Amino acid sequence: MPRPPESCSSNLRLLVTFALGLAWAAGCNAQVPPADLVLFNARIYTVNPQQQWAEALAIRGEKIVAVGRTKEIDGYRGPATRIIDAHQHLVLPGFVDCHIHFMDGSLGLTQVDLNGAKTVVEIQKRVKEYAASHPKEPWITGMGWTYPTFGPGALPHKKFLDEVVPNRPVYLVAFDGHSSWANSKALAMAGITRATPDPANGRIVRDESGEATGALKESAGDLIAALMPKPTREERLAALRLGMHEANKYGLVRVHSAGGDFEYLDLFDELHRRGEQTLRFYIAYFLDPPQLTPDALQKIESARGTYRDDWISGGAVKTMLDGVIEAHTAAMLTPYSDDPSQIGELFWDPGKYKQAITELDHRGLQIFTHAIGDKAVRTALDAYEQAANANHTQDARPRIEHIETITSQDIPRFGKLGVIASFQPLHAYPDEDTLQIWARNAGPDRASRAWVWHSIEGTGGRLAFGSDWPVVTLNPWPGVQNALTRQTTEGDPPGGFVPNERVSLEDTIKAYTLGAAVAGRREKTEGSLEAGKLADLIVLSQDLFQIKPNQTGKEEVMLTIVGGKLVYESPKWVQASTGAP
Ligand SMILES: [Zn+2]
C-alpha cells in the first residue's frame, strides 16, 4: 500500500526534496507512485458515509487509489498522469441500471421507435417512414406503443397498420412488453385464424365474429415473434456496441440484465475479448415455469463458473410470478377494481416456485423475481423466507422486481428478510397510463400503496433502482426526477402521486450506486468513490444538489469513466476543454 501524501512528515518531505532534487519537487511522490489519472477541482459526492464529499481523486489502472482534497491528491501527479480539471462540476459514482433487457433494447435502437408516440396517426407516420427508409427489411418491427393511445380500455387494431404497410409483416410490441400488435400480413404468416387456440399464458384478442384483431396479449405474441428472422451475430454485436454507447452517454457503468441476454453471453464475452467492453454486465438466466429442470440448473451453474469477473458475471436467475396491472395479469389477493371477474393468476404453481427458490438459494445463486400484484409479492416473500429458513442462508439478497402494489403487512418484510426491493422509478411516472388505467384497475386502496419506495426504505429495506429498458428510456435521469417528485415534467398531479413515497436525493443516488452494488453483491468493489474500489464515475453538467428536483430529469453527463478509462465525453465537454467557440 502506498502511503497517502498527507501522512508524509514535513521532515521527510524536506529530506526527499534535498536528496532527489527538483525532479521530485512534489516531495511525497517518493512515497507514492504516480497515478494514471487525476481528477481535481471537482465537487465529488462519494456515497461513502465516512467521507461524503471530496475535491479530487486519483486512479491507477482500473482502480481508485485516493480520494480527498485537491492538495492531497496533487502528490499523485506524475509526468505521464492524465489530468482532468472538473471545473467544479458534480462527480458521482457511475450509475447502475438494476433491471434491464439489454439485447432487446440494443436491437430496438435499430427498429421503429414508438416511444412518445401518443396518437395512432403518429404511430402510422413512424411505421410508414421506417418502412420507406428500410425497403429491404423483410419485417417491420418496433416497440414502445402505450395503451391510452387507443382510448379507454381499447387495444390496437390491425387495420391501422394495414393502412400504412399492407405487403410486409409488421409486429410492434407495447412499451411494457406484455402485449403486441400485428398487421394482417403478420397474422396470416403465423397462420392465426378463428380456429387458432390461445396459447398458455397468452390471448389472441378477437372481435365479435371471432376474428383476430391484431392485438396479442402476453405469450400470444410469440406466435408471430417466432417467425421473424433472427438477427445475425454481426448485427447483434453491432447493436450491443450501440447499446453500450447509449448507456455510457447517460452515465451508466453497469447493468443487471433481467432476461433476454443469457443466451448471448458469448457475444458479450467477444466484445470483452476485443477490448470493446465499456459497460459491466451482470446477467441473469431466465427461468420459465413450470419448474426448475436439471438442464436449466446445468446452464446456470456453467455460466456462474465461466463468467465471474468485474466485467461479465453470471450466477443470477430471473423468473416471473405474474404479469402487469394494466392487462389484469398481475396476481392480486382480491379482484381487480374495474373488473371483479379478474384477479390475475400466478404464472407458477406456488409449490413448484418455492421448491425452485429453495434449490437456487441452497446453491448460493441470486434470485430476481418479477412480482407486481400484491399476491405475487407475498408469494415471493414467503418463498424467500422459507428458503432462508430451510438452507440457513444469510445475506443471500434475493430480489423482488417491480413491486407495484403491496399489502401494508408485507412492507416491513423486505427489511426483516433482507430482500432487495428493485424498483424502476419511471414505472411510477404519473401519466395517463398510470393515473387512468393503472389506478382504475388497482382501485384506490391498492393505489394508496403504489410503488412504496419510501415505506420499504423506512422499514429497513434496501432499494435498487433501474429502468427496465426498453420498456422505458435507458436514461436514468428522468427516473431520478420521478423518484424525487412523483410528478410529470409538467408538475402533475399537483401534490405528486402518492407523494409520501418520494425519496430524498441522497437516497435516490444511493439506489442507483451503492444500493445497486449491494443488490448485485458487489459493494466491496463498486458503488462508491473510495480508495480500492473500481474507478467507475461520472462528471455531470448540472449540480443535482443545487437545482430544483423537477429539473433533474434534464441532467446531462459530461464524462463517463469505467475501470479508469474515459468511455464517454459529451460534445459540450470536448468543446469547453478544447476552448473551441
Ligand atoms: Zn423487465
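Where does Pro290 sit? Its place is in the loop between β16 (280–287) and α10 (294–306); helices (H or I, at least four residues) and strands (E, at least two) are DSSP runs, numbered from the N terminus. Some notes on this and other spots follow.

1. Ground rules. This is a predicted model, so local features need pLDDT of at least 70 and side-chain atom pairs count only at pLDDT 80 or more, while totals for chains, interfaces and linings use all residues. Residues are numbered from 1 along each chain as its sequence is written, and side-chain values use heavy atoms, with hydrogens and water left out.

2. Cis peptides. The bond from Pro289 to Pro290 is cis, with omega near 15°. The one from Trp469 to Pro470 is cis too, with omega near 5°, and Pro470 is in the loop between β21 and α16.

3. The zinc site. That loop also holds Asp468. The zinc ion is coordinated by His99 (NE2), His101 (NE2) and Asp468 (OD), at 2.1 to 2.2 Å. Donors here are N, O and S atoms within 2.8 Å of the metal (3.2 Å for Na, K and Ca), and water is not among the atoms, so the site may look incomplete. Along the chain the donors follow the spacing H-x1-H-x366-D. His99, in strand β8, and Asp468 are 369 residues apart, so this pair links distant parts of the chain. His99 counts as buried at 1% relative accessibility, and Asp468 is buried at 7% (buried is under 20% relative accessible area, exposed over 50%, partly exposed in between; 1.4 Å probe, protein chains only).

4. Helix α17 (residues 505–512). Its buried residues are Leu505, Thr508, Ile509, Ala511 and Tyr512. They cover an arc of only 160° around the axis, which puts them on the same side of α17; the arc is that of the directions from the helix axis to the C-beta atoms. What covers them includes β7 (90–93), β8 (95–100) and α16 (477–485).

5. Cavities. A search of the whole structure finds 2 cavities of 30 Å³ or more. On a 1 Å grid over the protein atoms alone, a cavity is a set of points where a 1.4 Å probe fits but cannot get out, and a pocket is an open set with protein on both sides within 12 Å along at least five of seven lines; lining residues have an atom within 4 Å of a point. Points are joined across faces, edges and corners, and a volume is the space filled by probe spheres set on them. The largest cavity has about 90 Å³ and 13 lining residues, with Gly94, Val253, Glu526, Gly527 and Asp536 nearest its centre. The second largest has about 60 Å³, and its lining includes Asp97, Pro425 and Tyr512.

6. Second largest pocket. About 260 Å³ of space lies here. Of the 14 lining residues, His328, Thr329, Gly344, Glu345 and Phe347 are the closest to its centre. Strands β13 (202–206) and β14 (212–218) each supply at least two residues of the lining.

7. Val562. This residue is found in strand β23 (residues 557–562) and counts as buried at 2% relative accessibility. Leaving aside neighbours within four places in sequence, its contacts (heavy atoms within 4.5 Å) include Val253, Trp311 and Asp536.

8. Positive phi. Asn41, in the loop between β1 (37–40) and β2, has phi near 60° and is partly exposed at 24%. His402, in strand β19 (residues 399–402), has phi near 90° but is buried at 4%.
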